[in-house]
Amino acid sequence: MDYTTTCVDKRFKDAFIYCDIKARGFEVPNIAAGRYSSQSETLFGGVPSLAIDEHISETISVNNFPVCSYAAGNDDHPWWSVSLKHDYLVFYVNVFNSRENPGHLHDVEIRIGGYDVEHFYAKGSVEEFETNPLCKSFLGTILTPGWNFVKCYHPLFGKHVSIQIVRKCKNDLKGCFPRNDSNSLVLCEVEVYGVRVTQIESSTSRPCIRIRSSVIPRNDEAILLNSRKLGIFSEVRHNRNLYWRICSMIKIYAVTLVKFIAHFSEINEEVQYIPVKVLVGFTDLSREIPDMPFNSTITFIDEKIKRLPRKNHIEFILKNAHIQVLGTHVTVILPGECIKSEGCDSTLTITEVKGFEVFGSEVDKYDAVQHKNEEINWKLGQSIVADETETYPIRPIINLAQCTHTAGNKKYPWWEAKFDYEVVIESVTIWNTNDETSEFLRDIEIRVGPDEIKDKDYDEQLKINLLCYKKSKTSLKKGKNPFTCDHPVAGSFMTIQIVSDCVSRDCERNPFNILTLCKVEVKGYRANKEEIEN
């Protein structure tokens, strides 16, 4: 919640001003709720949409009915993913771990970016998914039972959020589960928070308002090494300095390409490849280390570039086809001069970098209410929350959680609507899900009358109010189901209830009943004959 206060009643007493303060708040939207989700392989009916249905359960199942997503995977790398539909700058991911068996969520990585993990594994890969940038790693740990509020190392740009277990349980990891079997990824709820952004320019060269070049101080180099960002230099860093060149830009850009020319001190035809690292982020590393962690930057490029024969320079054109990284600073790291001549190849030493260019698109915050873009005024350490208030069409629950459903622990679940005045109901239309859960909506009674259900834990067949319509023995069809009342019924309350006891019929998939309603439309008129349509 974000809160503000306002003075609603100012009054004077004993020469003092008193103000009755009323807190006003707005809930920060969960941008993952009901989006399309997928996972490696579904077990025990734990479909991926159960992780984003906004129904939180502390147990994996209720009365043998799954209420959390449950995924397996090849090579012990089960994964789960949600697609956000639009591009977002994501700051936080909130994960609810089961209190029943929290050991399932061990050695987890959360990644965010533009590449869909579902497509990655559709190509037959069995490797760990590392294409998108890392939001947070929990290697060697188990997520705590209940909510785990995860702040990404760095605000990440993209529309795909993935969660994956990346290795088997280690013997020294207490509580890890399972010990001697394949991993299972169990997610009882996942929330994602960020701001929708748009790219308002095509990819063109971005001006650097300031460029700094220097040898990386050893202390900062140690921080880089500890952050696992110097692996590409493992063969050269032990006896030479590393050199960085930092471009600072005035606005936030989605970087797509970095270009520059590096000159060498000597020519050696035996040296064929030059290691290079490009980091993009919101930190000027030359000024803000050690106060700011290197995790505030994302690796854009990390590779060895082939050197052309008989050339004392190389033109670097560095592009990542899979990701775009947002930031205000671009840092290029290259081999520097030798610390000691013994065992150090001086031909790897870069003496000068020219023509430093950064290509990308300017990024603005999208205002869904005004349908316009606003400049993002943000620095590391501040927070941006989503303010998107889009209205979405009704879709299946597996794709969009605009469907209510009960907790799965009642024999006769019910849903009740209260009208502002007495009405006469002629017809009711119910929208069912379009996925495999549509069969759960069956054997319903629609009742209308003056009486309200007083006991919210009531679990018997309703006898109050008059029957408008009864659907027996069969499930409602997917999507739209219109029903005309047997006769017009008057009242201020309407209920929809499943009235058959599923336990007595041995329903394997749904031993207790779950009532799922995606949309309810009522047609009729007020008691004074004024026609209504809701």
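**Figure 1. Charged side chains over aromatic rings.** In this predicted model, the charged end of R526 sits over the ring of Y421, at 3.8 Å from the ring centre. The ring of W431 likewise has a charged end over it, that of K519, at 4.7 Å from the ring centre.

**Figure 2. The aromatic pair Y115 and F129.** The count of aromatic pairs in the model comes to 11. One of them is formed by Y115 and F129, whose rings are stacked, with 6.4 Å from centre to centre and 20 degrees between the planes. Y115 belongs to the loop between β9 (108–113) and α1 (117–122), and F129 to the loop between α1 and β10 (134–137); the pair therefore ties together parts that lie 14 residues apart in sequence. Y115 is buried, at a relative accessible area of 16%, and F129 is also buried, at 2%. Both residues belong to a cluster, linked by ring pairs, that also contains W79, F120 and Y121.

**Figure 3. The aromatic pair Y469 and F483.** The rings of Y469 and F483 form a tilted pair, with 4.6 Å from centre to centre and 35 degrees between the planes. This pair links distant parts of the chain, since Y469 lies in strand β26 (residues 466–470) and F483 in strand β27 (residues 479–498), 14 residues apart. Y469 has a relative accessible area of 21% and counts as partly exposed because the buried class requires a value under 20%. F483, at 7%, is buried.

**Figure 4. Strand β19 and its pairing with β16.** In a regular strand, side chains alternate between the two faces of the sheet. Along β19 (residues 313–319), I314, F316 and L318 point to one face and are buried, whereas H313, E315, I317 and K319 point to the other face and are not buried. Strand β16 (residues 240–264) pairs with β19 in the antiparallel sense over seven bridges. Within β19, L318 is the bridge partner of V258.

**Figure 5. Confidence along the chain.** The mean pLDDT of the chain is 76, and 76% of the residues score at least 70. Among the elements of the chain, strand β25 (residues 444–449) has the highest mean pLDDT, 94, and strand β2 (residues 16–26) the lowest, 39. Over residues 1–27 pLDDT stays under 50, and the model has 36 contacts beyond four places in sequence for this segment. Residues 374–401 also stay under 50, with 86 such contacts in the model. Where pLDDT is low, the predicted coordinates should not be read in detail.

Definitions and conventions: Residues numbered from 1 in each chain as written. Predicted model: local features only at pLDDT ≥ 70, side-chain atom pairs only at ≥ 80, totals over all residues. Heavy atoms only, no water. Phe/Tyr/Trp six-rings, centres within 6.5 Å; stacked < 30°, edge-to-face > 60°. Helix = DSSP H or I, 4+ residues; strand = E, 2+ residues; numbered from the N terminus. Buried < 20%, exposed > 50% of the residue type's maximum accessible area, 1.4 Å probe, protein only. Lys NZ or Arg CZ within 6 Å of the ring centre and 35° of its normal. Pairing = 2+ DSSP bridges. pLDDT = per-residue confidence, 0-100. Contact = heavy atoms within 4.5 Å.
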